[in-house]
Amino acid sequence: MTTPDDLLPVGLEDALPDRARAITRAMRAVLDAMDAHGYDRVRPPLVEFERSLAGRMDGVATRRMVRFTDPDSLRTLALRSDMTVQVGRIAATGMAGAPRPLRLCYAGDVALLRADQLDPARQRLQLGAELIGADSVAAASEMVSVAIDALKAAGVANISVDFTLPDLVDALARDAMPLDPEQREAVRRELDTKDAGGLREAGGEAYLPLLYATGPLGEAIDKLAAVDAGGALASRIEGLREIAAAIDNRARVTLDPTERHGFEYQSWFGFTLYGEGARRALGRGGTYTIKGTDEAATGFSLYIDPLLEALGAIAADRRDTLFLPLGHDREVAARLRGIGWRTIAAVAESDDARALGCTHVLEGKEPKPL
C-alpha cells in the first residue's frame, strides 16, 4: 500500500530493473567509446561549495542549484547541476600539472532545484568528455567525432549534428556590423527568438540575413559566407567546413549560427546532437574557457533520458537465465557464470524457475531449457 510519505517529489523517479538495466548498458557503451579515444574517467563529488560550482565558467545559473549550509564550514554548499564545471576545477587544481591536452570523461547524476516545461526531470544522468588545453579546429573536430562514436556505440541511429557560433554577434559587432553594448544584447535576444521585426527595432537590420543562414550545412554556410563581407567570419566558416569534413558522412550536419540556448558559456563553436526517435536533443558541446586559469577547452555532455528515447522502448532483458536448484553444484554454477550465464539460485523448495524469469534449469552439470 502506497502512502503519501512514499511518493517522490515532482521531477524525481525510481528507475526499476528494466530501465536501470537499459541505463547501465547505455552508460557503459558511451564510457567505453570515450575510453577507446583516450579519455580517462574522473568522479567529482556530488556536492561542492556553491562559489566553486558557479565560478569556473560563464553562464552557470546558481538559482537552479539545490543549495544548503555546510554545518562544518558554515559556507553555502550546492548539489552539482552540471559536471562540466567540476571537470574544469579538476583540470585547474588536482591535474594542473598533467600534460596537455588533457582528456577526461565522466558520468554521474546532476540535480536541479526546479524543472522546466520542456524537461520535467530534476535529476539527470549526465555523461560527457572534455579536451582541455587546446583551442583549435582539430580539437573541436575530435570532440564532435567522439560524441558521434559514443552515440553510435550506445545504438543511436541516424544521428544529426547542428552547428552554431555562440560568439557570432560579438565577432560581427566589433567592426563588420558595429553595435554598442546595449544594442548587442538586444540583437542577441531577437536573434534567439528568430524575430525579424524585433531585430529591426533593435537596430540590427544588418543581422537579418543571419536568420536565414540555417539548414543543411552546405546551403546554410554559403548564406553565412555571403553575410561576411568584411571577412570577420572567414576563419570560423573555414573551421565549420573542416569539422564537418571530419565527420565523414557519419552524421547529418546542419547549421543554425545564431542559436544560443544551452550555449551560455561556449565561445566560438557549439554543437547539438540529435538522433532518430528522440524528441529532444541528446546532448550539446562546444568550445569554452575555464575561468581562473583562462585555459581553453572543448567538450560535450549527453543526457540519458533522450538517449533512451532514441533507443526505443525499454524491453525486458531476454538474456538466458539459469535456475540453480537447492543443493546445486557450486563449482559448476561458477564455471557457467564464468562463460556468460546469468544465474538465479533457489532459496526455498517453493521457488518457481519460470516465475523468476529463468529460461533454463541446472540438471546435474548442464543447463536444460525450461
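## Close-up views of salt bridges, helices and strands

**View 1. Asp-18 and Arg-21 form a salt bridge, with their closest N and O atoms 3.0 Å apart.** A salt bridge here is a side-chain nitrogen of Lys or Arg within 4 Å of a carboxyl oxygen of Asp or Glu. The model is a predicted one, in which local features need pLDDT of at least 70 and side-chain atom pairs count only at pLDDT 80 or more, while totals for chains, interfaces and linings use all residues. Residues are numbered from 1 along each chain as its sequence is written, and side-chain values use heavy atoms, with hydrogens and water left out. Asp-18 and Arg-21 lie 3 residues apart in helix α1, so about one helical turn separates them. Helices (H or I, at least four residues) and strands (E, at least two) are DSSP runs numbered from the N terminus. Asp-18 is partly exposed at 31% relative accessible area, and Arg-21 is partly exposed as well, at 25%. For these labels, buried is under 20%, exposed is over 50% and partly exposed is in between (1.4 Å probe, protein chains only).

**View 2. Arg-184 of helix α6 meets Asp-170 of helix α5.** Their closest N and O atoms are 3.6 Å apart in a salt bridge. This pair links distant parts of the chain, 14 residues apart, with α6 covering residues 181-192 and α5 residues 168-173. Both partners are partly exposed: Arg-184 has 21% relative accessibility and Asp-170 has 23%. If you follow the charges further, you will find Asp-170, Arg-184, Glu-185 and Arg-188 linked in a network of salt bridges. In the whole structure there are 18 salt bridges.

**View 3. Glu-190 and Arg-189 join their side chains in a salt bridge of 3.7 Å, N to O.** Here the surroundings of the partners contrast: Glu-190 is buried, at 13% relative accessibility, whereas Arg-189 is partly exposed, at 45%.

**View 4. Helix α1 packs against helix α10 at about 100 degrees.** The two helices, residues 17-36 and 304-311, have axes 11 Å apart; axes are lines fitted to C-alpha atoms over the stretch in contact, and angles run from 0 to 180 degrees between N-to-C directions. They are therefore roughly perpendicular, a label for 65 to 115 degrees (under 35 is roughly parallel, over 145 roughly antiparallel, the rest oblique). On the α1 side, look for Arg-19, Ala-22, Ile-23, Ala-26 and Val-30; they meet Ile-304, Asp-305, Leu-307, Leu-308 and Leu-311 of α10. Contact means heavy atoms within 4.5 Å. The contact residues comprise 8 nonpolar, no polar and 2 charged (nonpolar: Ala, Val, Leu, Ile, Met, Phe, Trp, Tyr, Cys and Pro; charged: Asp, Glu, Lys and Arg; polar: the others, Gly among them).

**View 5. An open, mixed sheet of 9 strands runs in the order β1-β5-β6-β12-β11-β10-β7-β9-β8.** At its edges stand β1 (40-41) and β8 (215-216), each with a single partner strand, so one side of each has no neighbour in the sheet. Strands pair if DSSP finds at least two bridges between them. Strand β7 (residues 160-164) runs parallel to β9 (residues 252-255), joined by 4 bridges, and Val-161 stands opposite Val-253 of β9.

**View 6. Strand β13 (residues 321-324) sends Thr-321 and Phe-323 one way and Leu-322 and Leu-324 the other.** All four of these residues are buried. In a regular strand the side chains alternate between the two faces of the sheet. Strand β14 (residues 342-345) lies parallel to β13, with 4 bridges between them; Leu-322 has Thr-343 of β14 as its bridge partner.
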